[in-house]
Amino acid sequence: MANESSAHRHGDENGRGNGHGNGHGNGHGHGHGNGHGDGHGHGHGHGHGQAPRTGLIGRALGELRHLITPHSHDTTDKVDSALESSRLGIRCVTISFVALLVTALIQAGVVVASSSVALLGDTLHNVADALTAVPLAIAFTVGTRPANRRYTYGFGRAEDLAGVIVVLLITASSVAAGYEAVRRLLDPQDVQHLLFVALAGLVGFAGNELVAQYRIRVGKQIGSAALVADGLHARTDGFTSLAVLLGAGGVALGIPAADPIIGLVITVAILLVLRDAAREVYRRLMDAVDPDLVDQVEASLRETPGVHDVGELRLRWIGHALRAEAEIALDPGLALDEAHRIAHDAEHRLLHSIPRLSAAHVHAEPYDPHSGAAHADIAHHRERTA
């Protein structure tokens with residue numbers, strides 16, 4: 001029968017660790033994404049008595065602390081990191097919501113006065129972009145809830161559901177903008193206050209570009225595909241706002257159709273954003289990861305002393321955190337405690353070398369390049385699920 005050993009290491013504030021192992025048989029081991037103290041020979045524990053700092057000064061102090069103090073992977077550190085990521089995400093979407101709402105309100109006032117359909121399309125898009133902050137904020141909040149016996153992986157996938165809502169909001173804004181542009185082409189109306197229309201377009205560009213940079217930066221920092229998609233959405237909004245200037249210029253030159261035509265161009269731009277955002281959200285829902293990331297994990301495992309080969313390897317995103325499952329082949333003559341130590345060493349290396357990896361399950365098995373005996377009992381199950 002398959003044999004396993006498992007151990008958990010928790011670093012305390014003085015860098016000390018303790019562990020316990022249990023197992024039967026020989027040659028198998030597995031590890032989980034917990035911290036490592038001296039019980040593993042790494043000595044990486046440090047205190048977590050203070051709440052995570054926020055703000056520019058707090059982040060700077062955190063980076064300085066990271067440089068002078070080895071980073072721990074104990075359970076408390078993982079919880080603090082997850083909470084800090086969620087706080088950054090919530091703060092980002094809150095600031096973005098306020099900035100885009102102000103931008104949209106300024107533009108809406110000019111729309112009422114000017115009857116510009118191009119500016120109307122841009123305003124509708126900005127309103128939709130602002131409203132995406134609501135599902136994202138909810139997702140980041142829900143994602144901080146701890147795992148339980150029903151949701152054993154936690155609630156991080158709430159971000160993926162928020163990404164679906166973001167895609168739906170982008171779709172709605174494109175439909176509304178396209179409808180108004182076509183209607184105005186069929187029923188032309190004069191556009192008034194062209195200077196204010198042009199200025200409103202510039203306001204839209206500035207507001208969206210600032211929000212886009214902020215969202216993309218924070219999204220990449222915390223590994224949130226939904227937030228990055230929303231940032232790309234805002235960036236395209238900024239460039240479509242500049243298109244409003246072209247519409248106003250065309251009308252000023254005596255081409256009334258320029259305004260609704262630009263409205264259609266904006267609609268096409270929104271659809272392009274929709275395609276990219278939908279693709280990113282789809283990939284997260286389907287547990288897709290960057291193949292280069294898989295190569296990094298495999299390379300890290302192969303570099304672990306004692307590892308002869310790497311078997312099945314799986315990665316998945318859960319919200320803005322990664323989880324890994326891997327098989328490593330070890331010398332079949334190793335004692336149980338030595339196989340167990342190597343498995344945790346491999347796990348420890350992964351947690352240090354792979355960005356945003358929150359947990360790793362490393363399964364050790366006897367190395368035998370000519371026989372599949374180690375998996376003979378479950379081979380037919382694997383064939384059905386491959």
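**Exercise 1. Find where His193 sits in the chain, and work out whether His193 is buried, partly exposed or exposed.**

Step 1. Start with the location: His193 belongs to the loop between H5 and helix H6 (194–222). Helices here are DSSP runs of H or I with at least four residues, strands are runs of E with at least two, and both are numbered from the N terminus.

Step 2. Now the backbone. His193 has a positive phi of about 50°, although His193 is not a glycine.

Step 3. Then the surface. Buried means under 20% relative accessible area, exposed means over 50%, and partly exposed lies in between (1.4 Å probe, protein chains only). With a relative accessible area of 45%, His193 is therefore partly exposed.

A word on the model before you go on: it is predicted, so local features need pLDDT of at least 70 and side-chain atom pairs count only at pLDDT 80 or more, while totals for chains, interfaces and linings use all residues. Residues are numbered from 1 along each chain as its sequence is written, and side-chain values use heavy atoms, with hydrogens and water left out.

**Exercise 2. Do the same for Asp287: state its loop, its phi and its exposure.**

Step 1. Asp287 is located in the loop between helix H8 (258–285) and helix H9 (291–302).

Step 2. Asp287 is not a glycine, yet its phi is positive, at about 60°.

Step 3. Asp287 counts as partly exposed because its relative accessible area is 27%.

**Exercise 3. Which residues does Ala113 touch beyond its neighbours within four places in sequence?**

Step 1. Place the residue: Ala113 is part of helix H2 (residues 75–114). Its relative accessibility is 42%, so Ala113 is partly exposed.

Step 2. Apply the contact rule, heavy atoms within 4.5 Å. Outside that sequence window, Ala113 contacts Gln192 and His193, and His193 is the loop residue you met between H5 and H6.

Step 3. Add a C-alpha distance: Ala113 and Phe196 stand 9.2 Å apart in space, with their positions 83 residues apart in sequence.

**Exercise 4. Describe helix H3, from its N-terminal cap to its burial.**

Step 1. At the N-terminal end, Ser116 acts as the cap, with a side-chain oxygen 3.2 Å from the backbone nitrogen of Leu119.

Step 2. Check the span. The 15 residues of H3 reach 21 Å from first C-alpha to last, close to the 21 Å expected at 1.5 Å a residue. The expected span is 1.5 Å times one less than the number of residues.

Step 3. Look at the cover: 11 of the 15 residues of H3 are buried, among them Val117, Asp122, His125 and Asp129.

**Exercise 5. How does H3 pack against H5 and H8?**

Step 1. Two packed helices are described by the angle between their axes and the distance between the axes. Axes are lines fitted to C-alpha atoms, for helices over the stretch in contact, and angles run from 0 to 180 degrees between N-to-C directions.

Step 2. H3 (residues 117–131) and H5 (residues 158–186) meet at about 170°, their axes 9 Å apart. That makes the pair roughly antiparallel. Angles under 35 degrees count as roughly parallel, over 145 as roughly antiparallel, 65 to 115 as roughly perpendicular and the rest as oblique.

Step 3. The residues of this contact comprise 9 nonpolar, 3 polar and 2 charged. Ala, Val, Leu, Ile, Met, Phe, Trp, Tyr, Cys and Pro count as nonpolar, Asp, Glu, Lys and Arg as charged, and the others, Gly among them, as polar.

Step 4. For H3 and H8 the angle is about 25° and the axes lie 7 Å apart. H3 and H8 are therefore roughly parallel. Val117, Ala118 and His125 of H3 take part, and Ile262, Gly263 and Ile266 are among the residues of H8.

**Exercise 6. What surrounds Thr132 and Arg215?**

Step 1. Thr132 lies in the loop between H3 and helix H4 (133–142), and Arg215 is in helix H6.

Step 2. Thr132 is buried because its relative accessibility is 0%. Arg215, also at 0%, counts as buried.

Step 3. Beyond neighbours within four places in sequence, Thr132 contacts Val166, Leu169, Arg215 and Asp230. With the same neighbours set aside, the contacts of Arg215 include Asp129, Thr132 and Asp230.

Step 4. The side chains of Arg215 and Ser96 form a polar contact at 3.3 Å. Such a contact is a pair of N or O atoms within 3.5 Å; within protein, one must be able to donate a hydrogen and the other to accept it, and residues adjacent in sequence count only if both atoms are side-chain atoms.
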